[in-house]
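Below is a colleague's note on the model, set out as numbered points. The overall dimensions and the charged side chains are taken up in turn, with one pair singled out to begin.

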Amino acid sequence: MKETGSKQSALAAKFILCSALGIFMFFISIVYNGKSSIPLDHLTTIVRNLLGDYQKYVVLLVIAAGAAMPFVNGSWNKSTQNLIFSIFKLIGLCCAIMYVFGIGPAFLFENGDLFPFLFKVLCCSLCFLIPIGAVFLSFLTSYGLMEFVAVFLQPVMRKIWKTPGRSAIDAVASFVGSYSLALLITDDMYQKGRYTKKEAFIIATGFSTVSTTFMVVVAKTLDLMDRWNFYFWTTLIITFIVTAIVARIYPTAGVPDSYMDGVTPDPEEIVTKNRLQFAWNEALNAADASGSIAENVWKNTKDGFRMVSSILPTIMSIGLLGMLLALYTPIFNIIGYVFYPFTAIVQLPEALVAAQAIATTIAEMFLPAAFVVEASLATRYVVSVVCISELLFFSAVIPCILSTKIPVSVTQILILWVERVILSILLAGAVALLFL
């Protein structure tokens, strides 16, 4: 009994200390150099500052590795989608080389929404955030925290979003940290047999929002910071109401509720009583089965590098294509007419302008803000909400999702985007009519 008690104490310490480190790194805001953010963000900033101008060469190397990988492992011609994305990765490498060495048309460098935004803002940030985040990811997912939280959130998550209680961690990780880190968690859980295909699909396409930091940028751009709490909380609620609705309709409803091929299913046990004791036991069992901390960190770090090398080349190519189409062609103005009836229904003063601005979210979530800076408060509010709640865009999130093992197709993503945009317009428009 003494040995058992000693082992239980060791497992409890492992669960508590490792989980506390994960919570601290991902969810606790601290002030460093006058900036309030999570420690992971500060650590990423420190690493980038130490590298200085050399970070662009690191990013270029990662992009080169990502562009070469499909041809090295032979996956480039396994499907039409693989072939298309492999070509885009090569184009992304060419774009990165152009930016780093100052080659190419001047407008690509002078327009802040093109090369400077895609490479300096997105690629340089994600290149360090994802691998560094991956180092600490196992502390959130491997030592009992998800099992402990899952027991208490089971009824809410399963009834509203049709996902396990443990998926609540993914949702919080997105809003507080980054969609890329949340997708790492989702992909890891799916490959371990802890999410089914349908659960992973819902979580990846419904919870992988941009972080609160991005929301602040949108709110500042559209002069909504004086209403920050109203904007933040209504956006959060609208985003997850939309997810609850699309979880019940096509294409999500048609995704099989089966586990990844070749993995041993590890579903949550449904709990109806003695939740605290059950949660504690589940956490200790997970800590016991977690294995070596060093091995878990190494595995997650490798997964982080795999994901970031896959994402960055497509951000440079697909992101650039989306930006060019939005800035220099009428295509998004045309697509905007799909959403015009809905912006008109909710009586936005600049209904057509709002619809056409919202259409650009598929390219990049920030773009719509640039088109409605001078619009009315209601229009600015609705567009700012849709920027976040539509969730899916080609400059970053979509390549992130497609780089995971989760079975999501481009066609499904496009249908989901249309559904999310329409529902977001209607819900945000209703809030604007009632409160603004």
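1. This is a predicted model, and a convenient place to enter it is Asp 303, which counts as buried because its relative accessible area is 17%, under the 20% cut-off for that class. Its partner is Lys 299, with which Asp 303 forms a salt bridge whose closest N and O atoms are 3.0 Å apart. Lys 299, at 37% relative accessibility, counts as partly exposed, and since the two residues are 4 apart in helix H14 (residues 293–328), about one helical turn separates them.

2. A second pair joins Asp 188 to Lys 192, with the closest N and O atoms of this salt bridge 3.1 Å apart. Here Asp 188 has a relative accessibility of 4% and therefore counts as buried, whereas Lys 192, at 31%, counts as partly exposed.

3. The salt bridge between Glu 147 and Arg 194 deserves a careful look, as the closest N and O atoms are placed 1.6 Å apart in the model. This pair links distant parts of the chain, with Glu 147 in helix H7 (residues 145–161) and Arg 194 in the loop between helix H9 (179–191) and helix H10 (197–206), 47 residues apart. Both Glu 147 and Arg 194 are buried.

4. Beyond these pairs, Arg 158, Arg 166, Glu 199 and Glu 268 are linked in a network of salt bridges. A search of the whole structure finds 13 salt bridges. The protein chain carries 28 positive and 26 negative side chains, and the centres of the two sets lie 4 Å apart.

5. Turning to the chain as a whole, 20 helices and 2 strands are assigned to the protein chain. Its radius of gyration is 22 Å, which agrees with the value near 22 Å that a compact globule of 436 residues would have. Along the principal axes, the C-alpha atoms fill a box of roughly 75 × 50 × 50 Å.

6. As for burial and contacts, 54% of the 436 residues in the protein chain count as buried. When contacts between residues at least 6 apart in sequence are considered, 77% of them join residues at least 24 apart. The accessible surface of the protein chain comes to about 18,200 Å², and carbon and sulfur atoms account for 66% of that area.

Conventions. Residues numbered from 1 in each chain as written. Predicted model: local features only at pLDDT ≥ 70, side-chain atom pairs only at ≥ 80, totals over all residues. Heavy atoms only, no water. Rg over C-alpha atoms; globule rule 2.2 N^0.38 Å. Buried < 20%, exposed > 50% of the residue type's maximum accessible area, 1.4 Å probe, protein only. Contact = heavy atoms within 4.5 Å. Areas by Shrake-Rupley, 256 points an atom, 1.4 Å probe, with all protein chains shown as cover. Lys, Arg positive; Asp, Glu negative; His and termini not counted. Charge placed at Lys NZ, Arg CZ, Asp CG, Glu CD. Salt bridge = Lys/Arg side-chain N within 4 Å of Asp/Glu carboxyl O.
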